[in-house]
Amino acid sequence: MTRASASGENGEGRDSAVVVGGGIAGLAAAARLAEAGASVTVFEREPFLGGRAGAWTERLPSGEPYEMERGFHAFFRQYYNLRALLRRADPGLSVLAPVADYPILGPGGARESFAGLPARAPWNVAALVRRTPTLGLRDISRVSIPNALAMLSFDPERTYEAYGHLSAKDYLDALRFPPAARRMLFDVFAHSFFNPEDEMSAGELLMMFHFYFMANPEGLVFDVSRRPLSTGMWEPLGRYLAALGVRVVTGMAIDRIERAGRRWRVVAGDAEEALADAVVIAANVSGVKGLVDRSPALGDEAWRQRVAELSLTRPFAVWRLWLDTPTGPDRPAFAGTTGLGELDNISLYHAIEDESRAYAEREGGAVVELHAYALPEPVDAGALKADLLAGLYASYPETKRARIVYDRFLLRADCPAFPPGAAERRPGVTTPSPGVALAGDFVSLPFPSALMERAAASGFLAAGAALPAADRAGITTVPRRGLLSPLSRFRRAASLHGNKGHADGPVRNV
Ligand SMILES: Cc1cc2nc3c(=O)[nH]c(=O)nc-3n(C[C@H](O)[C@H](O)[C@H](O)COP(=O)(O)OP(=O)(O)OC[C@H]3O[C@@H](n4cnc5c(N)ncnc54)[C@H](O)[C@@H]3O)c2cc1C
């Protein structure tokens, strides 16, 4: 058994901290804890860092190595905390490249674009409504104005009170958009959070509208990683942490957390244990639930019950195809799709990442990734692949001629569910156990945030909640309330965003 040393034992008098999980939330927590001077150990179950945004090495039939990912990831500009985390290893964010357009493709050549919209609400909404071909004046007169205004008046308490128990489907039905406009403008958006509309809370959907569109001063544009996420982001961040003295143990699952006097004993089976003053649990939903279940000393009955109620949403599929023929020269690097069976988006990896670009240039081919989210169960992989290919062929007919040289298909179910009525029961960053905090993209936060950004922001907050010394810097967020919220401080908050892009400074808008 290996025992990690801790303050007092190693004679250095430093606080010791353990982070369970090496995804984005865990890496953010580890960075904050180490920067605050703690002696930190990160335990990650998988052999690589990055969690759901991670990547690992596989080989093409030729023997050539490549990095396989859990799928394409979009790095939105208002991901202030994630960007602050990445800047620690890459100060200029040189790994990120902008994506010029982000079209939505539908049946029969339908196309919607978010490029060139004004960045701010309500001008972006007005411009989108004016130019969208699926929405005429008569359609607009039928739209439910109170429900539409809910998008502009997000409030972290009132919105959840009014819409938190409603499903996103019921809310979108009540909006009364014409079916084609609804499909092009809303269906893709709802699916982007991996939850089916009828199983997702309308309150969460409105929070996402607010975070990505209404309150996002950067506009609905994003960057992509020029390099595989492993070599481009997580390995450099791992080196940054190592330079701060953080011990990163991969391939090691934590079994349980026990009380050890005023400290905590974090146990990984018979192999290893560590004593810590502070613990950040940054595992995914099933990891957290298992860990809490096996750790009776953690929390109190009410908190344990709330953790037990966390759930996963339906499965998603990621299918990467290596083709022997190029895609058309004008095809966008990334496109959302709707009304094309189960297909949710198409990304052209050869237009995004250097590794795939080198393959495509050398072989005269293409590397294409197809995603399908919130899949109905049980999933028939063969039927799903046929459906995804049909969506690809309908969108990019030139790919019908291409031979699939190699493919990699992932079917997973590990993204959090956001069902109606769950928001008020969702555990936050703090726990009833002193020195123990929770982080991840499923954790309740006091400001709007989602996906990778929610993971990063919760990691920073959890570090401060677990160890007071790490609580010295705040975080930056988009404005907390919508433009039309009675309590809005939108204008003031937006104008306070002077250093939003580079600092994880004080919580400006909360
Ligand atoms: C296909 C796909 C596409 C996506 N696209 C986007 C996108 O475009 N934009 C965006 O913002 N987000 C996107 N996301 C979501 C994003 O990946 C997640 O929100 C984010 O990575 C979650 O990070 P996390 O740290 O909260 O959790 P995770 O990444 O799940 O990290 C938790 C870690 O804990 C580890 N763990 C679990 N149990 C234990 C244990 N007992 N001991 C030790 N370790 C343990 C796990 O192995 C894992 O590495 C996408 C997700 C998927 C699946």
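Let's start where domain 1 meets domain 3: 18 residues of domain 1 are in contact with 24 residues of domain 3. On the domain 1 side of that meeting, the classes are 11 nonpolar, four polar and three charged residues. Do keep in mind, everyone, that this is a predicted model.

So what are the bounds here? Domain 1 covers 2-51 + 229-310 + 419-495, and domain 3 is 117-214. Domain 2 is made up of 54-79 + 86-100 + 222-226 + 313-412. Taken over C-alpha atoms, the centres of domain 1 and domain 3 are 32 Å apart.

Now, over to the ligand. Which domains supply its shell? Domain 1 and domain 2 each give at least three residues to the shell around the ligand. If you would rather look by element, helix H1 (24-35), helix H11 (285-293), strand S16 (316-323) and helix H15 (451-466) each bring at least two residues to that shell.

There are 34 residues around the ligand, and those that come nearest are Gly-21, Gly-23, Gly-51, Gly-71 and Gly-287. It's a nice run of glycines to click through on the screen. By class, the shell has 17 nonpolar, 11 polar and six charged residues.

One last stop, helix H5, residues 145-152. Which of its residues are buried? They are Ala-150, Met-151 and Leu-152. And what do those buried residues pack against? Two helices, H6 (158-163) and H9 (202-214).

That's my tour; happy to go back to any of these views.

Note on methods. Residues numbered from 1 in each chain as written. Predicted model: local features only at pLDDT ≥ 70, side-chain atom pairs only at ≥ 80, totals over all residues. Near = placed C-beta within 6 Å. Helix = DSSP H or I, 4+ residues; strand = E, 2+ residues; numbered from the N terminus. Nonpolar A, V, L, I, M, F, W, Y, C, P; charged D, E, K, R; others polar. Domains from an automatic or database assignment. Buried ≥ 20, exposed ≤ 12 C-beta atoms within 10 Å, placed from the backbone. Contact = placed C-beta atoms within 7 Å.
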